[in-house]
Amino acid sequence: MDEWARRNPTVEVVAQIGDDALFKPVALRAFGSVSPVRFAELVRDSELVVAHAGMGSVLTALEHCKPMLLMPRRGALKETRNDHQIATLRWLKDKPGIYAADDESQLNATLDVWRARGLTPPQSIDSQSDARHGLVDALREFIG
């Protein structure tokens with residue numbers, strides 16, 4: 001994301017990178033961590049949410065009707081203990097407003113599409129049909 005932000009200096013990119021991160025960003029504004037309230041504010045004020053396939057990020061983006069680009073953490077890379085995020089994204093990727101990236105090149109290509117013409121957001125949870133409420137219920141059950 002920092003490299004993409006460097007190539008797109010007119011886009012404000014905000015990232016939560018972890019408190020013990022060795023990575024020092026150059027082009028994006030980074031926080032070690034943010035509170036759930038601050039995270040919700042950042043999502044509310046964003047145009048696009050880019051995240052790992054964590055359910056908290058997904059639900060927050062849905063609540064604020066923000067399109068999301070998800071790139072799951074991978075067990076094989078020791079980013080997480082297993083591939084549960086890959087399974088989550090496989091289940092979510094065909095839902096409206098959710099875009100998937102399997103690697104950095106797909107991430108960058110989708111970001112470029114978003115920058116050029118935007119990405120369709122999900123509908124607001126509050127104005128959803130019963131089917132969308134079913135998605136949120138299923139997500140809560142999935143993580144529950």
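The protein chain exposes about 8700 Å², and carbon and sulfur atoms supply 50% of that area. This value, like the others below, comes from a predicted model. Of the 144 residues of the protein chain, 36% count as buried, and among the contacts between residues at least 6 apart in sequence, 47% join residues that are at least 24 apart.

The secondary structure of the protein chain consists of six helices and five strands, and a reader who follows the sequence from its beginning meets them in the pattern α-β-β-α-β-α-β-α-β-α-α. With that order in mind, we can turn to the sheet.

Three strands make up an open sheet in the order β3-β4-β5, and their pairing is parallel. The edges of this sheet are taken by β3 (49-51) and β5 (98-100), each of which has a single partner strand, so that one side of each is left without a neighbour in the sheet. From one strand to the next, the twist averages 20 degrees. Strand β4, which covers residues 68-70, pairs with β5 in the parallel sense over three bridges, and within these two strands M68 stands opposite I98 in β5. Helix α5 (residues 104-117) packs on the sheet, where it touches β3, β4 and β5, and the direction of α5 makes about 170 degrees with that of β4. As a general matter, the strands of a sheet pair through backbone hydrogen bonds, either parallel or antiparallel.

One residue that shows these surroundings in detail is L69, whose place is in strand β4. How accessible is L69, and does it count as buried or exposed? L69 has 0% relative accessibility, and because buried means under 20%, L69 counts as buried. If residues up to four places away in sequence are not counted, L69 touches L48, V49, V50, A51, Y99, A100, A101, L107, T110 and L111. For one of these, L107, the separation can also be given between C-alpha atoms: those of L69 and L107 are 7.7 Å apart, although the two residues are 38 residues apart along the chain.

Helix α5 also takes part in another feature, for a search of the whole structure finds one aromatic pair. The rings of W4 and W114 have their centres 6.1 Å apart and their planes at 45 degrees, so the pair is tilted. W4 lies in helix α1 (residues 2-7) and W114 in helix α5, so the pair ties together parts that are 110 residues apart in sequence. Both members of the pair can be placed by their accessibility as well: W4, at 1% relative accessibility, counts as buried, and W114 is likewise buried, with a relative accessible area of 13%.

Another helix to consider is α3, which spans residues 55-63; seven of its nine residues are buried, so α3 is largely enclosed by the rest of the structure. The buried residues of α3 are M55, S57, V58, L59, T60, A61 and L62. S57, whose place is in helix α3, is buried with a relative accessible area of 18%. Leaving aside its neighbours within four places in sequence, S57 is in contact with F39 and A51.

What follows helix α3 along the chain? The helix is followed by C65, whose phi is positive, near 55 degrees, and C65 has this positive phi although it is not a glycine. C65 lies in the loop between α3 and β4, and at 25% relative accessibility C65 counts as partly exposed.

The contact of S57 with F39 leads to a further loop, the one between β2 (29-31) and α2 (36-44), where V34 is found. Leaving aside its neighbours within four places in sequence, V34 is in contact with Q16, F39 and L42. F39 is therefore named among the contacts of V34 and also among those of S57, where a contact means heavy atoms within 4.5 Å. A separation in space can be given for V34 as well: the C-alpha atoms of V34 and D19, which are 15 residues apart along the chain, are separated by 9.8 Å.

Definitions and conventions:
Residues are numbered from 1 along each chain as its sequence is written. This is a predicted model: local features need pLDDT of at least 70, side-chain atom pairs count only at pLDDT 80 or more; totals for chains, interfaces and linings use all residues. Side-chain values use heavy atoms; hydrogens and water are left out. Helices (H or I, at least four residues) and strands (E, at least two) are DSSP runs, numbered from the N terminus. Buried means under 20% relative accessible area, exposed over 50%, partly exposed in between (1.4 Å probe, protein chains only). Accessible areas come from the Shrake-Rupley method with a 1.4 Å probe; for residues, only the protein chains shown count as cover. Two strands pair if DSSP finds at least two bridges between them. Axes are lines fitted to C-alpha atoms, for helices over the stretch in contact, and angles run from 0 to 180 degrees between N-to-C directions. Rings of Phe, Tyr and Trp (its six-membered ring) pair if their centres lie within 6.5 Å; planes under 30 degrees apart count as stacked, over 60 as edge-to-face and the rest as tilted.
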